[in-house]
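Student: I would like to learn how to read aromatic pairs and helix packing in a model. Can we work through a case together?

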Amino acid sequence: MSESGLCVACEAGGVAGAPPAAPQPYPYAQPAPPAHAAPPYAPAPRLPAHLASPEGLARAAVVLLGVCALTDVLSLFAGYTMLGVANRMVDNPGFVTQDEVDRADLLEAGSGLVQTLALLASAVVFVIWFRRVRINAEVFRPDGHRMRRGWAVWAWITPAVCLWFPKKMANDVWAASLPYGPDGSPRRAPRTVMNWWWGLWIATLVLGRASGRMYIRAESPEEIRQAVVALMVSDVLDIVAAVVAVLFVRRLTALQHEKAHQGPVAPYQAPVFR
């Protein structure tokens, strides 16, 4: 296979209109050949991109996302306990002891701490996986990325831009990772799971922070009850978001795995009958 993407036999004057030779898989963990044209969106990075399997990172991300969902279940239990105490404080204030309030509050705080630790662990592994699939996508399509690969990390921790830069990169990675169809063109794959992943991530980010502030600022029993309800809604949304994130990780990893084993493919040209 030459750098132009055409089979050697065709370039050497082989049979006219013959389909290209069977492609060889991309070699994992090997440097990719240099791009033959400058990318139209962003300058080429200094270090050459190379393929590496994202499957191990994907499995770790899936496990940690599952742990996050379990911590959300624990938080729901803590919220249910606190909600019961808050309801009794509103309806019968004299029948609630301070010890009951303190225990419920401690359970709520403890579940929140566990949630935060699980979220941080899963976020680190997810970002490492995201960077890996971004580099792989650069091998598949060097000219198909609007942002430098460094943003695969910085986009998540930079204020303001974290609300749209990662999704912008994910769109490019998804398009570059589509396997080839029989005619040599990229196969279509709906982006539904990716769009839902991003929408739910933004929703949990906004609702989680808002409900957390409500709980911290709550003073009266009624305010506590409202804040706990908001926290429980946020927990349910977190569980759904974690499930969709798992589907997104698995789907994009599967696309890249299939395309890596296809290797570079030249567009199929139907034979011309004369």
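The dialogue below takes ring pairs, then a helix, then a single serine.

Tutor: One caution before we start. This is a predicted model.

Student: How is a pair of aromatic rings described?

Tutor: Two values describe a pair of aromatic rings: the distance of the centres and the angle of the planes.

Student: How many aromatic pairs does a search of the whole structure find?

Tutor: The search gives 14 aromatic pairs. Take F126 and W197: their centres are 5.9 Å apart and their planes differ by 35°, a tilted pair.

Student: Which helices hold F126 and W197?

Tutor: F126 belongs to helix α3 (residues 98–140) and W197 to helix α6 (residues 192–217). The two are 71 residues apart, so this pair links distant parts of the chain. Both F126 and W197 are buried.

Student: What does W156 form with W197?

Tutor: Another tilted aromatic pair, with 6.3 Å from centre to centre and 55° between the planes. W156 sits in helix α4 (residues 151–157) and W197 in α6, so the pair ties together parts 41 residues apart in sequence.

Student: Why does W156 count as buried?

Tutor: The cut-off for buried is under 20% relative accessible area. W156 counts as buried because its relative accessibility is 17%. W197 is buried too, at 5%.

Student: Which residues do ring pairs link into a cluster?

Tutor: The cluster consists of F126, W129, F130, W156, W174, W197, W198, W201 and F248.

Student: Where do the charged ends of lysines meet rings?

Tutor: Look at K259: its charged end sits over the ring of Y180, 4.7 Å from the centre. K168 lies over the face of F165, 5.9 Å from the ring centre.

Student: How does the span of α6 compare with what its 26 residues should give?

Tutor: Use 1.5 Å a residue; the expected span is 38 Å. The end C-alpha atoms of α6 are 38 Å apart, which agrees.

Student: Which residues of α6 are buried?

Tutor: They are V193, M194, W197, W198, L200, T204, S211 and Y215.

Student: What covers the buried residues of α6?

Tutor: The cover includes α2 (55–91), α3, α4, α5 (165–176) and α7.

Student: Let us end on one residue. Is S234 buried or exposed?

Tutor: S234 is buried, because its relative accessible area is 4%. S234 lies in helix α7 (residues 221–262). Leaving out residues up to four places away in sequence, S234 touches L207, G208 and S211. S211 is itself one of the buried residues of α6.

Terms used: Residues numbered from 1 in each chain as written. Predicted model: local features only at pLDDT ≥ 70, side-chain atom pairs only at ≥ 80, totals over all residues. Heavy atoms only, no water. Helix = DSSP H or I, 4+ residues; strand = E, 2+ residues; numbered from the N terminus. Buried < 20%, exposed > 50% of the residue type's maximum accessible area, 1.4 Å probe, protein only. Contact = heavy atoms within 4.5 Å. Phe/Tyr/Trp six-rings, centres within 6.5 Å; stacked < 30°, edge-to-face > 60°. Lys NZ or Arg CZ within 6 Å of the ring centre and 35° of its normal. Expected span 1.5 Å × (residues − 1).
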